[in-house]
Amino acid sequence: MANYYSHGFAAFFDSSYTGWVDRFSPKLVAHLAQTAGDNLTAADICCGTGVTAAHFLDAGWTLYGVDGSKAMLDLARARHTERIEEGRFGVIQADARSFDLPAHVAACVSLDGALNHLPSTDDLRQCFTSVASALTPGGEFIFDLYEQSHFLHWNHATLTDSPDAVVVKRGVWDTGSRTGMLRVSGVFDAGDRAQRVDQTLTSWYYDHADVTDALHAAGLEPLSHGFGGTDLKCDSGSCSRTDVPCRTIYRARKA
C-alpha cells in the first residue's frame with residue numbers, strides 16, 4: 001500500500017478523523033463478544049493510532065494491531081503502553097496484504113475505509129487471504145469500505161480554519177475509473193508546537209460483487225449483519241448532509 005501515513009498526518013488524523021471509529025467500535029466489540037465465546041482474541045488490520053483497540057482492550061480482549069505506517073503505530077504504542085507491557089496488545093508493522101500473526105484469532109476487523117487504499121481487486125483478495133489465515137475456524141471478519149458517494153467531495157477544495165488547525169483538502173475523484181487522489185496540507189496545534197501536515201492519499205472504490213468475489217476466493221463466507229443507519233455515515237460535511245450511505249459494512253466468516 002502506497003498510502004502509509006506520515007508523522008504529521010498521523011497526528012492530525014488522530015486529533016481530527018477518528019470520530020466515527022470511536023462511535024462505532026463499541027457496537028463492533030459488543031457484536032463480536034457474542035460470537036467469539038471465551039476466545040476474546042482479535043486483530044485490527046490497518047489499526048491506525050489504536051482508537052478501535054482501546055474499546056477491545058477495555059472489554060478484556062487480547063489484540064494485535066497491524067499497520068504499515070510506523071507513524072500510526074508509534075501513536076498506538078504510546079496510547080496503549082500499559083496493555084503492551086501486560087502482553088494484551090501486540091503491534092505489528094506490516095502490509096494489510098501480507099501479514100502474519102503470532103497466533104490465530106477469533107476475529108479480525110478493519111475500519112474507516114482503510115481497505116479502499118488497496119489498488120486492485122487482486123490486492124483486496126490478498127488481504128482477505130491473509131485475514132483467513134489469521135482466523136480460527138468460524139472466526140469473523142468485519143470491515144467497511146467507502147461508497148463512491150463518500151469520495152465525490154474530493155472534487156472540491158475544502159478548508160478547515162479553526163483555532164486548532166488551518167488545513168486545506170483538495171483532490172479529484174473519477175467515477176468512471178473508480179479512483180482518485182486527495183491532498184491534505186496545512187498546520188495544526190500539536191500541543192507544544194505547530195505541526196505541518198502534507199499527505200497525498202489515493203483510494204479505489206469496490207462494489208458488492210468485487211468484495212464478495214474476493215471474500216469467496218479467500219475462503220471467507222459473506223454474512224448478513226445488523227449494522228445500519230448512522231453506522232453507514234461518516235463525519236465529512238458533504239456526507240452528513242444527505243441520507244445516502246457513504247460506506248458499506250461487510251461481515252464474513254471463515255468456514
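Which backbone oxygen does the side chain of His153 reach? That of His150, at 2.7 Å. The model behind this report is predicted.

## His153 and its loop

His153 sits in the loop that runs between α7 (148-151) and β6 (158-162). Is His153 buried or exposed? Its relative accessibility is 11%, so it counts as buried, the cut-off being under 20%. The side chain of this loop residue is the one that reaches the backbone oxygen of His150.

## Helices α1 and α4

Helix α1 covers residues 7-16, and helix α4 covers residues 70-79. The two pack with their axes 8 Å apart. The angle between them is about 50°. α1 and α4 are therefore oblique to each other. Their crossing is right-handed.

Which residues of α1 meet α4? They are His7, Ala10, Ala11, Phe13 and Asp14. On the α4 side, the partners are Ala71, Met72, Asp74, Leu75 and Arg79. Sorted by class, this contact has 6 nonpolar residues, 1 polar and 3 charged.

## Helix α8: ends and cover

Helix α8 spans residues 208-217. Asp207 caps its N-terminal end. A side-chain oxygen of Asp207 lies 3.2 Å from the backbone nitrogen of Ala209. After α8 comes Gly219, which has a positive phi near 85°.

The buried residues of α8 are Asp210, Val211, Thr212, Ala214 and Leu215. What covers them? The cover includes helix α6 (121-134) and three strands: β5 (135-146), β10 (220-223) and β11 (247-254).

## Helix α6 against α8

How do the axes of α6 and α8 cross? They cross at roughly 45° and come within 8 Å. That angle makes α6 oblique to α8. The crossing is right-handed.

From α6, the contact is made by Thr121, Leu124, Arg125 and Phe128. From α8, it is made by Asp210, Val211, Ala214, Leu215 and Ala217. The residues of this contact divide into 6 nonpolar, 1 polar and 2 charged. Asp210, Val211, Ala214 and Leu215 also appear among the buried residues of α8.

## Thr248 in β11

Strand β11 is part of the cover over α8. Thr248 is found in this strand. At 24% relative accessibility, Thr248 counts as partly exposed.

Which residues does Thr248 touch, not counting those up to four places away in sequence? They are Phe143, Asp144, Leu145 and Glu147. With Glu147 there is also a polar contact, side chain to side chain, at 2.5 Å. Leu232 is 16 residues from Thr248 in sequence. In space, the two are 6.3 Å apart, C-alpha to C-alpha.

## Ser185 in β8

Ser185 is found in strand β8, residues 179-189. Why does Ser185 count as buried? Its relative accessibility is 9%, and the class takes residues under 20%.

Leaving aside neighbours within four places in sequence, Ser185 is in contact with two stretches of the chain. One list holds Val166, Val167, Val168 and Arg170. The other holds Arg196, Val197 and Asp198. With Arg170, a polar contact of 3.0 Å joins the two side chains.

How values were computed: Residues numbered from 1 in each chain as written. Predicted model: local features only at pLDDT ≥ 70, side-chain atom pairs only at ≥ 80, totals over all residues. Heavy atoms only, no water. Axes fitted to C-alpha atoms, helices over the stretch in contact; angles between N-to-C directions. Helix = DSSP H or I, 4+ residues; strand = E, 2+ residues; numbered from the N terminus. Parallel < 35°, antiparallel > 145°, perpendicular 65-115°, else oblique. Left-handed = near helix turned anticlockwise from the far one by under 90°. Contact = heavy atoms within 4.5 Å. Nonpolar A, V, L, I, M, F, W, Y, C, P; charged D, E, K, R; others polar. Buried < 20%, exposed > 50% of the residue type's maximum accessible area, 1.4 Å probe, protein only. Polar contact = N/O pair within 3.5 Å; in protein donor to acceptor, adjacent residues only side chain to side chain.
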